[in-house]
Amino acid sequence: MKSLDHMPSLEAGAATCNPITQSDENLDHLIIRDGVAYAGTHLIIDLWGASHLDELPRMEKAFIDCVNECGATLLHIHMHHFTPNGGVSGVAVLAESHISVHTWPERDYAAFDVFMCGDAKPELAVEILQKAFSPTRIEVSENLRGRMDDV
């Protein structure tokens with residue numbers, strides 16, 4: 001995890017954005033990649049045939065691993081365990097946005113939402129979730145949020 005005052009800029013050839021700092025609140029943190037400016041990358045990740053979807057410690061560890069691997073800044077995690085089916089809903093609030101989940105362990109299905117701006121790399125979360133929950137199928141869709149034509 002990164003602290004707010006140590007956020008590096010991306011290397012050449014990757015997306016570029018304004019670095020997050022505590023001293024400049026006027027930065028918009030836009031990402032510019034392949035000539036497109038946008039606020040952040042929003043991944044919708046569906047896991048089918050997944051296991052361990054009712055285990056709160058495993059879910060929290062997967063969230064923390066995603067935050068660390070993606071280069072995000074964790075602000076808070078909250079998990080809720082439903083009974084009697086054991087489903088889990090949870091959110092990690094990040095300086096760069098959020099990670100959320102809702103699981104249906106009785107259907108071996110989990111719906112993850114990973115939205116990050118700045119230098120974070122949300123696409124790295126997919127492999128972590130795959131390792132943590134061993135799905136037989138993963139569906140990922142990407143949406144570039146806040147696309148801007150006037151930048």
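UniProt annotations may be inferred rather than shown by experiment; their positions are given here in the numbering used for this structure, and the feature names are shortened. Keep that in mind for the first two views, and remember throughout that this is a predicted model.

**View 1. The residues that UniProt lists as "active site".** The unreviewed UniProt entry gives three positions under this heading: Ser 97, His 102 and Cys 117. Two of them are picked out here, starting with Ser 97, which sits in strand S7. Ser 97 turns up in the record a second time, because the unreviewed entry also lists this residue for "modified residue: Pyruvic acid (Ser)". Is Ser 97 buried or partly exposed? With a relative accessible area of 21%, Ser 97 counts as partly exposed, since buried means under 20%. Leaving out residues up to four places away in sequence, Ser 97 touches Ala 92, Phe 115 and Met 116.

**View 2. Cys 117 and its strand, S8.** Cys 117, another residue on the UniProt "active site" list, belongs to strand S8. The relative accessible area of Cys 117 is 16%, so this residue is buried. That fits the rest of the strand: eight of the nine residues in S8 are buried. Which residues does Cys 117 touch, not counting those up to four places away in sequence? They are Ile 31, Ala 39, Gly 40 and Glu 96.

**View 3. The open sheet of six strands.** Read across the sheet and the order is S5-S6-S7-S8-S4-S9, with antiparallel pairing. S5 and S9 (137-145) stand at the edges; each has a single partner strand, so one side of each is left without a neighbour in the sheet. From one strand to the next, the twist averages 10 degrees. Strands of a sheet pair through backbone hydrogen bonds. At one end of the order, S5 and S6 are joined by seven antiparallel bridges, and one spot to look for is His 80, whose bridge partner in S6 is Ser 89.

**View 4. S8 with a partner on either side.** How many bridges link S8 to S4? There are nine, in the antiparallel sense, while S7 and S8 pair over eight, again antiparallel. Tyr 109 of S8 is a handy landmark: this residue is the bridge partner of Trp 48 and also that of Trp 104. S7 and S8 form a hairpin with four residues between them. Look in that turn for Asp 108, which has a positive phi of about 55 degrees.

**View 5. Two helices against the sheet.** Helix H1 packs on the sheet, where it touches S5, S6, S7 and S8. The direction of H1 makes about 155 degrees with that of S5. Helix H2 lies across S4, S8 and S9, and H2 runs at about 20 degrees to S4.

**View 6. The largest nonpolar core.** In soluble globular proteins, nonpolar side chains tend to be buried together. Here the largest nonpolar core has 30 residues, and the members that touch the most others are Phe 63, Ile 99, Phe 112 and Phe 133. Helices H1 (56-70) and H2 (125-133) each supply at least two core residues, as do strands S4 (40-48), S5 (74-81), S6 (88-94), S7 (97-104) and S8 (109-117). Zoom in on Phe 63 and, leaving out residues up to four places away in sequence, you'll find contacts with Ile 77, Met 79, Gly 90, Val 91, Ala 92, Ile 99, Ser 100, Val 101 and Phe 112.

**View 7. His 42 and its polar contacts.** His 42 sits in strand S4, and at 11% relative accessibility this residue counts as buried. Which side chains make polar contacts with the side chain of His 42? One is that of Asp 113, at 2.6 Å; another is that of Arg 145, at 2.8 Å. Setting aside neighbours within four places in sequence, the contacts of His 42 also include Val 114, Phe 115, Ser 141, Glu 142 and Asn 143.

Definitions and conventions:
Residues numbered from 1 in each chain as written. Predicted model: local features only at pLDDT ≥ 70, side-chain atom pairs only at ≥ 80, totals over all residues. Heavy atoms only, no water. Core = buried A, V, L, I, M, F, W, Y, C linked by side-chain atoms within 4.5 Å. Buried < 20%, exposed > 50% of the residue type's maximum accessible area, 1.4 Å probe, protein only. Contact = heavy atoms within 4.5 Å. Pairing = 2+ DSSP bridges. Axes fitted to C-alpha atoms, helices over the stretch in contact; angles between N-to-C directions. Polar contact = N/O pair within 3.5 Å; in protein donor to acceptor, adjacent residues only side chain to side chain.
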